[in-house]
Amino acid sequence: MPAADTQEIAIRAATPADAPAIGRIHVESWRETYRGLLSGNLLNSVSAVVRAAMWRGALEHERPIVLFVAQQASGDLVGFAGGGSSRAPSLPHDAEVYAIYVLRAAQRRGCGRRLMAALANALHTRGFRSLSLWVLEENAGARGFYERLGGTVVGEKTEVDGGHEFREVAYGWDNLQSLCSAASIPTSATDGEARGVS
Ligand SMILES: CC(C)(COP(=O)(O)OP(=O)(O)OC[C@H]1O[C@@H](n2cnc3c(N)ncnc32)[C@H](O)[C@@H]1OP(=O)(O)O)[C@@H](O)C(=O)NCCC(=O)NCCS
């Protein structure tokens with residue numbers, strides 16, 4: 001999918017109708033990102049249909065979540081970011097980024113930063129005060145992105161999936177407002193509020 005100029009990409013709140021496209025992006029970006037880092041079996045085990053059902057369920061209040069998408073003028077989605085209450089009892093932060101994925105063809109054009117700004121602002125508006133997220137230790141690109149936004153390493157752990165061990169590190173922002181400021185850039189007229197939040 002050809003990526004449009006950043007100015008033609010709008011950041012908006014996701015709706016349940018976006019779930020199939022979000023599922024496809026989740027799987028495509030996951031494979032682009034982790035090829036060479038994870039086993040082929042694991043890369044092939046993820047399904048866009050399963051991911052779509054997961055995000056649709058989250059949007060339909062299975063779990064409180066804020067979810068934004070990046071949409072080209074053509075209507076195609078090129079990225080998404082979701083978050084909500086922290087699922088990490090070992091960390092003191094009250095909010096968590098559950099996922100942020102931008103298709104490779106649309107990366108390094110400010111989409112990730114704008115998605116993060118929308119997410120951080122929506123979480124702050126809902127009363128959250130701090131934020132963390134987990135990332136594969138070897139995912140140098142994403143780590144560079146989080147560090148550029150002021151995140152610092154606040155934890156590490158080993159996960160096991162499909163018989164494989166993975167090292168993960170956590171990035172944290174003690175003050176969510178500092179992330180809002182770091183991620184903020186002039187927003188397009190269509191940058192909007194998140195929905196699907198209980
Ligand atoms: C990480 C990700 C969301 C960043 O989105 P993006 O749209 O490419 O990022 P932006 O263009 O907004 O980048 C903002 C700044 O972050 C930093 N940055 C972004 N990608 C980087 C990279 N690969 N390496 C180092 N720094 C990076 C840069 O300082 C960049 O500013 P610049 O382009 O002016 O130098 C995106 O690359 C992605 O989806 N990666 C694959 C999936 C993934 O790893 N998700 C995270 C899982 S935990």
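Helices (H or I, at least four residues) and strands (E, at least two) are DSSP runs, numbered from the N terminus. The model is predicted: local features need pLDDT of at least 70, side-chain atom pairs count only at pLDDT 80 or more, and totals for chains, interfaces and linings use all residues. Residue numbers start from 1 along each chain as its sequence is written.

**Exercise 1.** State how many helices and strands the chain has, and their order.

*Solution.* Begin with the count: the chain has six helices and seven strands. Then read along the sequence, where the pattern is β-α-α-α-β-β-β-α-β-α-β-β-α.

**Exercise 2.** Describe the shell around the ligand by residue, element and class.

*Solution.* A residue belongs to the shell if its C-beta atom, placed from the backbone, lies within 6 Å of the molecule. The ligand is surrounded by 19 residues, the closest being Gln107, Gly112, Arg113, Gly141 and Gly144. Two or more residues each come from helix 1 (19-34), strand 4 (95-102), helix 4 (111-125) and helix 5 (140-148). Helix 5 contributes the most, with five residues. By class, the shell has seven nonpolar, eight polar (Gly counts here) and four charged (Asp, Glu, Lys and Arg) residues.

**Exercise 3.** Determine the span of helix 4 and whether its residues are mostly covered or not.

*Solution.* The expected span is 1.5 Å times one less than the number of residues. Helix 4, with 15 residues, reaches 21 Å from first to last C-alpha, close to the expected 21 Å. Next, apply the burial criterion (20 or more other C-beta atoms within 10 Å of a residue's own, C-beta atoms being placed from the backbone). Twelve of the 15 residues in helix 4 are buried, so the helix is mostly covered; among them are Gly112, Arg114 and Leu115.
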